[in-house]
Amino acid sequence: MAEAFIYDHVRTPRGKGKADGSLHEVTAVRLAETTLRAVQKRNGLDPKLVDDVVLGCVDPVGEASGDIARSAAIAAGFGESVPGIQINRFCASGLDAVAFGAAQVMAGQKDIVIGGGVESMSRVGMGASGMLPAVDPSVAIPSYFSPQGVAADLIATKYGFTRDDVDAFAVESHKRAAKAWEEGRFAKSVVPVRDVNGLTILGKDETIRPNTDMQTLGGLKASFAMMGEQGGFNAVAIQGHPEVETINHVHHAGNSSGIVDGAAAVLVGNKAAGRKAGLKPRARIRGFASLGSDLALVLTGPVDVTEKLLARTGMSIKDIDLIEINEAFSAVVLRYLQAFDLDPAKVNVNGGAIAMGHPLGATGAMILGTVIDELERRDLSTGLVTLCVAHGMGTAMIVERV
Amino acid sequence: MKLENFRFETDSDGIALLTWDMPGRSMNVITEAVMAELGQVVDHVAGAEAIKGCVIVSGKEAFSGGADLTMLQGLGGEFRKLAKTKGEEEAMAFFFEASSRLSRLYRKLETCGKPFAAAVNGTCLGGAFELALSCHFRVLSDSDKTRVGLPEIKVGLFPGAGGTQRVARLMQTGDALQMLFKGDQIKPAQAKAMNLVHAVVPRDKLVETAKEWIKAGGSAKAPWDVEGFKNPSNKVHSPAGMMIWPPANAIYRRETQDNYPAAKAILQAVYEGLQVPMDLGLRIESRYFAHILQTPEAAAMIRSLFISKGELEKGARRPAKVPPLKIKRVGIVGAGFMGAGIAYVSALAGLNVVLVDRDQEAADKGKAYSHKLMSDQVMKGRAKSADRDALLARINATSDYNALKGCDLVVEAVFEDRAVKAEVIKKVQAVIGRRTIFASNTSTLPISSLAENFERPSQFVGIHFFSPVEKMLLVEIILGKRTGDRALATALDFVRAIKKTPIVVNDCRGFFANRCVLNYIREGHLMLAEGVPPAMIENMAKKAGMPVGPLSLNDEVALDLGWKILQATKKDLGAAAVDAKQEALLKTMVVDLERFGRKNGKGFYDYAPTGKKLWPGLADLQKTKLVADGIDRQEIVDRLLVVQALEAARTVEEKVITDVREADVGAILGFGFAPYTGGPLSYIDRMGTKAFVALCEKLAAKHGERFKPNKLLRAMARKGETFYGRFNPHKAAA
């Protein structure tokens, strides 16, 4: 079997996903195009060598509709020969897009692919493509469907995380992200979004609040209490985990992932094609896995999928130097730390989506890049990236530097 | 046209009046013949040029109660017969055809090209209201008795003759689902507000209003058949739909624990139906209806909650040779919580009540309870203050036993103490006539022994009410060894008068209901002692289908009472008769910690004005604690149901229960035994006696002798018998 190498990766800065966000004037295809162009240009890659562009996008409707991967490739000037495919596994789409491309490389069917993702949450809107698993009774009922915030609160309740615990984690995320920017740790991979004249529209992540503290967060009201009670979702959550008497609602906008716009691209290929194109591999993909997990908890997939992937690769959690787990909600990461008894100093060392935001379809590719950059900076070897996924799933990938 | 169930006449304006008036019945009901005749009428109206339209009205006091559920039951039999001879697929095709016949008939009426109007007085429910919904105009009388609604869900079915589709096209989806889930009977004004009907008029203007509507050119097209029709909540897959469906699905689960397939089918039929035109929506509804008709839940619920309940209410157990009694005056001794409740329900039924207690103040306090309940009704607009005054005038609260003279029946509801009861029996006996029946509302003392205090034991009977009396639908009638037929008949006639459902059981410790309930509570105690998380015990009990968890229930009836019963049992039957672990738990709670339950604000729960929460100290009482994720949830459910069902089977073996219908109906109405099962014996029958015995044995090996199946069950398992087979109540009656 061929091996899949990561040759490079780039991402846009993450712009606040609202009308007053800096990227609100930029179309989704433009965001994706920015990263495709950057990764192609800075590697002097002949676009004709790209066998496929795979982009994750969770709400592929409106301006993100009609296979945005092909559209972005055309807009980036890759030419008619480069196909594209858009995929969706909710929040893990960006990582799954890389895995999707890598799998075809490993299977020997493609030589060079670009995986990545894009989401313009400010322009398309979260949920714009609907959410069948919440709507169709034949799916929603056996799925114990509840909004993710309620599920995150269930995780906090079941595993004993207090409001202080989840807030403290959020404060730390902002601190780490601010420090990472201060020290230029993202400089290698963040490409500014520019206008047609080359003027920078946004060059830096926009939602980090370095000064946020427990007191500020403590003033925020739990977001999902009313919805959980009146919508019947608390009862659903408890039916999934009947040892819980009442849901302790601890999550709010300040300890959940931010809504942002952004895109990412990861250049993947086999050894021979890379060499031929004059590329230098930065990391090798050891393996990846996805699975379905507890439907009522929704967001504990990372624990299960990590176990699955470690077993598949014959590795132990101790073999992993750095971990990036998407900060969908504080409790998701806290549960992950608890389940593997991890040292927090190895996990999300440069902050995460609570500070910098979670552009749904793109995040997986972004944090894959983050872990590679940081392995290089610290001169470490092995990294693991994982994301929780709506409707009770999880995806993970292990990479090692070469 | 040859009509037997309808009269059909056309007036000079060319408007037909179809009067539904079935011979030999007090209430119209939808039968095969009714469907056939209605089909003819629709064809006739559609084809006759001179007829402008048709008004449907009832010739009876009420419109109709809906479809004949035994007809639906019959379909199941036909299906099984056909399946054997012609195979599953052909049988299913027949079944689908037959079960969707009413729906197709109504659609034919709706699309026949001539306007139909329904003019409704009195109750109009289920399939009958679906008929009205398929008419192009609906007018209700403003009578107090007029009610419309789709109550199918209450017997494990759902409206399968267009109800889900038409209701969901008449109002916002959320409101439609709520109406279909609840199955409430709706008053005229509310029905109008909900857009279910077009007009509400005085009864004598009903037909006139309907005819006027046709004369004025009423359209023969339902709104959904007019081009450009939009659902009231617009598209299912839309931002508006996102506000409706996720909570609807969640609330379904919250309310049903996913135990009721019919409720789920309502969701699915509305969800799918609203995305397609009416004809397809109806076909989708029919597909789910045929499916739901075949579920064991529907079969069990129709049998217990409709057929058996109805039979028991109509006197299935009443000794036929005793002529019907008209009870006019009832005496109640003891004006405490139970006595006051019995006085209220009796007065509410129009009976004259003598409410006696040891002094005037105590008696007045009991009467004040009726005042309070009626005032609540007045406040809610459900009664008028004149009703309250009339009801209170029927209650004579007094300390004078002489007032009991002339009562047809005297019920004592005094303190559960032999000496106190004996004293009361003596006092009552001294004043009542020789034909007066004496009833004891004891819940714990055997009737036969209480009857020894009475001169005429054949006129002594137990009438066990459940608390709170005004809410609980069941009454347990207990026959002492010497209770005679007239006492039983009087008790049954009284229960019928106050509109409750009776079951008749033979005397024993705990009678029927409490025996099962005590087992249920004990199982909760033992799970707690084993280390099951307390919330899990309570939540899995609800998943099993019980209305409240065993710990919560114990808090309601009081832990110290449970402790006293346990001590009494130990005294009477020996230490082996009680479970040592349960005793230890109750001792800690009651004796050491004085946690008595809701009554002193602390039991298994802590009670605060904001609500109740499980007492955190329970964790300290658990020597071992089981990890929630490792617990077999199905086993928790099984234990909670099996321990009750097994007790019910024992009462059959001991002949405490002599009619299987009474165990099932009594368990559902008396203590809320998982209604979807149809009751504890139906639960065993559905599982199969053999499988049930095997489950008991498995549980006995793991959790103790209390799960050991009794002799009767083992014998039935060997022979492959069911309760409704071996003890067929209809065969016994015939």
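**Exercise 1. The surroundings of a lysine**

Task: find which residues B:Lys60 touches, leaving out those up to four places away in sequence, then place this lysine in chain B and decide whether it is buried or exposed.

Solution.

Step 1. With contact taken as heavy atoms within 4.5 Å, B:Lys60 touches B:Trp20, B:Asp21, B:Met22, B:Arg25, B:Ser26, B:Met27, B:Asn28 and B:Arg203.

A word on the setting before we go on. This is a predicted model, in which local features need pLDDT of at least 70 and side-chain atom pairs count only at pLDDT 80 or more, while totals for chains, interfaces and linings use all residues. Residues are numbered from 1 along each chain as its sequence is written, chains are lettered from A and ligands numbered from 1 in the order in which they are written, and side-chain values use heavy atoms, with hydrogens and water left out.

Step 2. Look for B:Lys60 in the loop that runs between strand 3 (53-58) and helix 2 (69-86) of chain B. Helices (H or I, at least four residues) and strands (E, at least two) are DSSP runs, numbered from the N terminus.

Step 3. B:Lys60 counts as buried because its relative accessibility is 14%. The scale is: buried under 20% relative accessible area, exposed over 50%, partly exposed in between (1.4 Å probe, protein chains only).

Step 4. One of the neighbours from step 1 also meets the lysine side chain: the backbone oxygen of B:Arg25 lies 2.8 Å from it.

**Exercise 2. Charged pairs within a chain**

Task: for the pairs A:Asp167 and A:Arg163, B:Lys81 and B:Glu78, and B:Lys2 and B:Glu4, give the N to O distance and describe the exposure of each partner.

Solution.

Step 1. Side chains of opposite charge can pair when their charged atoms come close. The cut-off for a salt bridge is a side-chain nitrogen of Lys or Arg within 4 Å of a carboxyl oxygen of Asp or Glu. By this rule the structure holds 69 salt bridges over all chains.

Step 2. A:Asp167 and A:Arg163 are bridged at 2.9 Å. They sit four residues apart in helix 7 (residues 163-182) of chain A, so about one helical turn separates them. A:Asp167 is buried at 2% relative accessibility, whereas A:Arg163 is partly exposed at 21%.

Step 3. For B:Lys81 and B:Glu78 the closest N and O atoms are 3.8 Å apart. Both belong to helix 2 of chain B, three residues apart, or about one turn. B:Lys81 is exposed at 56%, and B:Glu78 is partly exposed at 35%.

Step 4. B:Lys2 and B:Glu4 meet at 3.4 Å. B:Lys2 is exposed at 62%, and B:Glu4 is exposed at 54%.

Step 5. Salt bridges can also join up: A:Asp8, A:Arg42, A:Lys188, A:Arg282, A:Asp373 and A:Glu376 are linked in a network.

**Exercise 3. Where the chains meet**

Task: describe the interface of chain A and chain B by its area, its salt bridge and the helices of chain A that take part.

Solution.

Step 1. In contact here are 30 residues of chain A and 30 residues of chain B.

Step 2. The buried area is about 2,300 Å², 60% of it from carbon and sulfur atoms. A:Val135, A:Ile141 and A:Gln239 supply 27% of what chain A buries against chain B, more than any other three residues. Buried area means the accessible area (1.4 Å probe) that two parts lose on being put together, summed over both.

Step 3. The rule finds one salt bridge across the interface. B:Asp629 and A:Lys158 form a salt bridge with their closest N and O atoms 2.5 Å apart.

Step 4. On the side of chain A that touches chain B, at least two residues come from each of helix 4 (132-135), helix 5 (137-140), helix 6 (148-159), helix 9 (225-230) and helix 10 (233-240). Helix 10 of chain A gives the largest share, six residues.

Step 5. This side of chain A divides into 17 nonpolar, eight polar and five charged residues. Here Ala, Val, Leu, Ile, Met, Phe, Trp, Tyr, Cys and Pro count as nonpolar, Asp, Glu, Lys and Arg as charged, and the others, Gly among them, as polar.

**Exercise 4. A valine in helix 27**

Task: decide whether B:Val660 is buried or exposed, and find which residues touch it, not counting those up to four places away in sequence.

Solution.

Step 1. B:Val660 lies in helix 27 (residues 660-671) of chain B and is buried, at 2%.

Step 2. Its contacts are B:Leu681, B:Phe723, B:Tyr724, B:Phe727 and B:Pro729.

Step 3. B:Val660 and B:Tyr724 are 64 residues apart in sequence, yet 7.0 Å apart in space, C-alpha to C-alpha.

Definitions and conventions:
A polar contact is a pair of N or O atoms within 3.5 Å; within protein, one must be able to donate a hydrogen and the other to accept it, and residues adjacent in sequence count only if both atoms are side-chain atoms.
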